[in-house]
Amino acid sequence: MLEKGKISTLQMEFMIIPAIIATGVLSIPSISGKYARHDMWMTPIVGSIIGFITVYIVWKLHQLFPKLTPFQYSEKILGKVVGRIFSLFLIFFFLHDTGIVIRQYSDFITSNVMRETPSVVFSISITFVSALAVRGGIEVIARSAVICTTIFLCVSLVLLLLIKDVEVSYMLPILEDGLLPVMKGALVHTAWFSEFFLLAFIYPFINTRGKGLKSGMKASLYVMLLLLYFHLFVLTILEVSAVNQLYPVHSIIRSISVFGFFENFEIIITASWVLGNFIKVSVFLYVANLGIAQLFGLSNYQITVFPLSLLLVLLSYWDIPNIVGLVDFLTKIQPFYFILVQTVFPLFLLIIAFARRKRSESR
Amino acid sequence: MIRIRRRPSKKKAKGHFRAAQQNPSHNTLLSKNLEENTQFFSSLYEESSDVVFRSFVVGKKGATIIYIEGLSDTQKLDEQVLETLLDKNEFDETDFLLSIKNRLPISNIKKISTFSTCIDSIANGSPVLLIDGFEEAFSLGLVKFEKRSIEEPQAEGSIRGPREGFTESLGVNTSLLRRIIKDPALKMKTVHVGKYTKTKVVISYIKGLVDKTLIEEIENRLNRIQIDGVLESGYIEQFIEDNPYSPFPQLLYTERPDVVCANLLEGRAVLMIDGTPFSLVAPVSFFSLFQSQEDYYERFWMGTFVRTLRFLFLAVSLFLPSVYVAITTFHQEMVPTDLLLSLASSREGVPFPAIVEAIMMEIAFEALREAGIRLPKQVGSAVSIVGALVIGQAAVQAGIVSAPMIIIVSITGIASFMVPRYSIGLAIRMLRFPIIILAGFLGLVGVMLALILIIIHLSTLRSFGTPYLGPISTQQKNWMQDTFIRSPLWKMNTRPRLTGEYNAVRQGANLKPGPNKSGE
Amino acid sequence: MKKSILVMLCCCYLTLTGCWDRVEMQDLAIITAAAIDRLEDGKTRISVQLFIPRAITSGETGEDPSLGSTFVREATGENLANAISMLQMNVPRKLFWGQCKVFIFGIELAKNGIRKQIDYLIRHPGPRDNSFLYVSEDEAKELLTLVPPLERYSGEALKKLTQEEKGMGSTLRDVDKALMGESESVSIPYIQMLVSKEPTRKLHETIPVIEGMAIFKKEQMIGVLNKKETRGLLWLKDDMKRSTISIKLKDGDGEISMTPTSGKSKFSPEIKEHRWIMNLNITIEGDIVQNETHLDPMDKDVLLKIEKEYETALKERVAQTIEKLQQKFNADVMNFGRRFHQIYPNEWSKVKDRWDEKFPEVEVKIMVTAKVRRHGYIGPPAALPRDEVKE
């Protein structure tokens with residue numbers, strides 16, 4: 001066994017929530033607002049369905065192969081060759097995804113906080129600290145996640161200071177153009193919710209068996225509630241102009257003012273968001289790393305961490321030309337691509353696994 | 001001061017070393033011939049004027065007493081041993097040794113038979129009585145040397161709580177523990193460490209509360225130590241830590257018996273080292289380093305309040321200078337307008353960039369503090385006057401340093417004194433500098449990166465197998481009860497979970513006091 | 001060991017050569033307010049009020065505090081971005097927009113359209129979304145040079161004036177939101193220099209004050225509401241404090257003034273047989289602050305009368321404002337469009353494109369409920385013999 005660490009379900013929740021919300025909170029409201037407009041607050045609720053489905057599929061797979069990660073059981077389900085190709089594909093998928101995450105992070109910082117610093121500084125620094133955490137193993141990630149996520153979520157409570165600026169009537173009219181715009185808006189959420197597939201790589205290391213499903217569902221619910229929380233504030237404060245903003249949540253945070261004295265502290269929130277993002281990158285990097293180690297039968301996964309993170313930094317620049325390309329990718333390609341890989345493929349795996357089991361039983 | 005006093009003893013040890021090498025027959029048994037034995041000892045202790053050889057005749061047999069001046073009770077030796085032995089009374093020839101033993105009015109008297117035990121016995125202050133014609137000698141337990149009396153602990157004062165502190169003498173220290181914990185389950189295992197100092201290290205624990213593997217692990221680690229001498233508990237600490245490169249202390253040191261007992265009762269092990277008033281507690285967690293004995297002695301509201309304050313000031317003392325640097329050089333929009341304008345006015349004309357200013361002032365502050373500790377008390381006050389005057393006022397008036405920076409540095413300084421354990425305060429003081437540099441590099445993002453690095457490091461760290469960030473990061477049951485808050489004593493029914501097996505229940509349930517309880 | 005030294009050296013090298021964004025405070029030119037004007041040749045002129053840090057240090061340095069703590073610098077360019085980059089060349093320190101909460105548009109610019117400037121201000125990460133916008137009666141630059149007697153600089157004076165009354169100010173975001181929304185109209189405070197008759201201690205010692213509301217429709221300014229009409233607009237915007245209303249009773253020989261303490265305006269749109277109706281309910285509570293008449297407001301009937309009178313007075317003033325906005329300016333500053341959209345999305349989608357034509361036709365039904373809550377320290381009129389008090 002490559003990973004000896006064990007984590008608790010609560011730690012798992014602390015890991016998975018920022019792993020989904022950290023980048024989601026940046027760009028989702030802008031895109032979902034573009035389609036759903038006044039109904040954008042419904043989009044996370046609709047989108048979360050994919051999250052619940054993915055958690056359920058992943059859990060069923062985990063029950064079939066309790067101590068294995070998808071890299072290992074795909075071989076058992078699909079056979080050696082196809083399984084390995086599938087694992088390789090998954091690794092590339094996670095590398096690509098991590099690249100996007102890193103890019104989103106560094107782009108955000110350079111365009112909002114540090115405009116003259118080259119974005120590669122931020123890519124390298126976040127990848128470096130994440131690599132350090134990954135080298136420590138899943139226990140270290142989980143323990144750091146408990147603290148980082150707590151800080152990250154506590155700081156996002158600052159939005160409550162905006163309550164006096166909230167104009168609830170912006171939520172009207174409800175469902176002006178029917179459900180279709182909401183569905184379209186929810187599509188962008190599904191890409192993020194399908195990332196609950198990550199649980200498949202964490203489940204084998206949980207110390208209390210049997211509680212994984214409940215905890216995964218809970219995490220999915222929390223993510224939905226958090227996104228709902230952010231969406232509500234964005235909608236009721238920015239209304240239609242949210243569509244124009246590249247980072248609407250950041251933009252409403254900019255207008256927080258307490259006693260007319262404490263103002264402009266969006267930088268603090270950005271800084272605490274770095275913590276969330278660190279957990280996100282760590283979890284993704286960990287999964288990719290574990291995949292490589294398991295696929296090639298390495299004795300430990302620590303050796304590949306640094307080469308891989310270097311690759312990731314390069315990858316984050318190779319794929320996406322600029323913010324337009326990024327938004328375009330997030331809107332048009334990512335939902336389908338992510339759902340396909342993270343929800344549909346596992347579903348196929350599950351079906352095949354069940355079919356095989358049936359057949360062997362009947363024999 | 002301590003170091004200066006200790007050094008000569010080290011030199012003495014070196015001379016000792018040469019003598020020992022001349023006689024390879026160290027572990028051999030004593031010879032029957034008194035002449036041979038005394039020959040051996042006098043060659044061993046040549047050039048040692050403090051070793052006394054007293055030869056005399058007892059019951060027609062030659063005898064020699066060897067002891068070191070100042071370590072043994074000469075008066076008792078004279079009155080009780082020599083007087084008895086030199087008495088003209090006959091001794092039973094058939095069992096000469098037993099009759100001598102029976103005559104001597106000493107409770108702690110042991111038969112020893114090797115040279116090495118003789119040497120140990122002499123070194124410990126027990127005079128050795130060699131008698132001609134026997135392969136055995138007596139070690140007379142007449143140890144008496146000058147020791148400090150029990151005083152109030154200097155480094156860990158408290159308003160409420162016992163005022164006794166450990167002393168340099170191990171026997172006194174163990175007795176202090178025994179006086180508090182009377183149950184025989186309190187165990188003390190002895191290990192000797194140090195080739196020349198042969199320092200006695202006592203592992204003390206309460207059987208049934210402590211994890212057995214922990215004791216085994218501690219013993220293993222102690223036995224692994226191969227150094228020439230142990231002068232302070234720090235020597236032991238640095239050889240048995242889990243991560244020697246970490247700036248954070250992985251063992252807690254204390255000179256208070258009540259703190260030690262509290263830890264023993266929580267299922268930890270304590271190492272007591274001869275020659276130092278400081279004992280080591282293992283394992284510890286990050287949060288236990290922020291607990292002070294008075295948290296438990298005062299009402300729990302105060303305990304909770306003070307503890308929260310401590311964590312707040314931990315953040316302040318770690319991050320305040322770096323956040324200041326980050327905000328004034330990267331994120332000026334964050335400062336409220338009026339404050340920014342006054343900051344800008346006070347920064348005007350200051351020749352240094354904020355980061356240089358911060359590092360400079362922090363170093364100056366650290367220097368002042370260090371100078372204050374080392375200097376004699378009379379000179380110390382001069383240092384603080386010069387420091388306050390020169391750095392505080394003159395530098396600002398001369399326009400070399402801005403006034404806000406002085407305020408920041410002083411707040412940071414005060415904040416770092418809030419930590420109840422000096423060793424973690426040292427770690428925080430040191431970590432401040434790299435964080436300032438990171439802040440000067442990437443602003444608040446840099447500060448956050450530093451925070452992440454610290455969190456990762458703390459997550460990796462273990463103290464004797466228990467996670468350093470426990471119980472917060474490991475999310476154990478009742479993890480809040482003794483970390484950020486201090487729950488009422490009647491509610492803390494379980495011990496903190498350390499490793500593996502443990503005795504969870506601390507006290508009976510439903511202990512909440514109230515007016516009607518006694519009637520039931 | 002060698003390895004760790006190497007790593008440390010690398011880190012030092014990186015950190016010491018980095019610091020791309022680092023700006024020392026001594027290298028900042030803190031902008032406290034900015035004014036944007038359109039010159040006759042169509043060029044844009046930006047004037048900024050810069051803070052002089054030396055000015056507020058303690059008396060020891062020997063500066064004369066009355067000299068003012070700011071100065072104004074300007075630059076012109078083809079457009080705002082251009083002008084600002086020219087401005088940077090005239091200022092030896094880095095322009096710092098983070099604390100600039102006041103932007104004043106010159107009237108020429110306002111009449112020509114402010115969209116291009118708004119785009120710059122919102123797009124650029126420096127200026128804040130919640131900074132206030134103003135339109136000046138004349139050249140905006142003039143207002144920056146004023147030296148307020150109380151505040152440190154005129155921008156601060158203006159900001160404080162606006163913060164006192166929340167409904168008054170329009171932030172960058174409000175303007176962006178309103179021009180993007182259904183009504184495409186917005187109101188921005190209209191300011192001018194306060195002319196005081198007292199002799200001032202030095203030149204330009206006065207402050208800018210709010211004189212009314214400039215009404216914008218589709219980025220262009222189309223008119224100004226005067227002070228009285230502005231009050232009416234403020235009542236519509238739920239901000240009624242600090243505006244004293246005086247009424248004259250029929251049988252009274254003077255006026256009774258009331259200061260509202262709380263008030264609410266509620267819009268409920270209604271579409272009845274193709275008639276678009278906006279029901280406007282205003283509830284207002286207030287204190288009597290002055291009583292010139294001989295009437296005793298402690299009397300129940302008198303009080304009822306006073307309240308009735310307030311209701312009509314308020315109704316009149318609000319109606320006047322709405323009338324002007326509907327008929328003269330045809331600018332939907334009160335967001336009627338959005339309110340209709342929210343309740344009647346289907347009907348709205350039909351008139352969406354010709355809201356301009358529809359808006360003046362909207363019937364506004366105003367209902368006012370006024371309540372006198374307190375009378376101050378005294379009940380009956382002061383300094384009046386008891387028997388002269390009318391009941």
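These questions and answers look at helices and contacts in a predicted model.

Q: Why are α5(A) and α12(A) called roughly antiparallel to each other?
A: The axes of α5 (residues 119-135) and α12 (residues 305-319) of chain A cross at roughly 150°. Angles over 145 degrees count as roughly antiparallel. The two helices α5(A) and α12(A) are therefore given that name. Their axes come within 10 Å, and the crossing is right-handed.

Q: What makes up the contact of α5(A) with α12(A)?
A: From α5(A) come Ser123(A), Ile124(A), Thr127(A), Phe128(A), Ala131(A), Val134(A) and Arg135(A). They meet Val305(A), Phe306(A), Ser309(A), Leu312(A), Val313(A) and Ser316(A) in α12(A). By class, that gives eight nonpolar, four polar and one charged residues.

Q: How do you know which residues of domain 1 and domain 2 of chain C are in contact?
A: Two residues are in contact if their C-beta atoms, placed from the backbone, lie within 7 Å. By that test, 20 residues of domain 1 of chain C are in contact with 23 residues of domain 2. Domain 1 covers 25-225 and domain 2 covers 226-391.

Q: Which strands of chain C each supply at least two residues of the side of domain 1 that touches domain 2?
A: They are β8 (185-193), β9 (208-217) and β10 (220-225). The largest share, five residues, comes from β9(C). This side of domain 1 divides into seven nonpolar, seven polar and six charged residues.

Q: What makes up the contact of chain C with chain B?
A: It takes 19 residues from chain C and 22 from chain B. The chain C side has nine nonpolar, six polar and four charged residues.

Key
Residues numbered from 1 in each chain as written. Chains lettered and ligands numbered in written order. Predicted model: local features only at pLDDT ≥ 70, side-chain atom pairs only at ≥ 80, totals over all residues. Domains from an automatic or database assignment. Helix = DSSP H or I, 4+ residues; strand = E, 2+ residues; numbered from the N terminus. Nonpolar A, V, L, I, M, F, W, Y, C, P; charged D, E, K, R; others polar. Axes fitted to C-alpha atoms, helices over the stretch in contact; angles between N-to-C directions. Parallel < 35°, antiparallel > 145°, perpendicular 65-115°, else oblique. Left-handed = near helix turned anticlockwise from the far one by under 90°.
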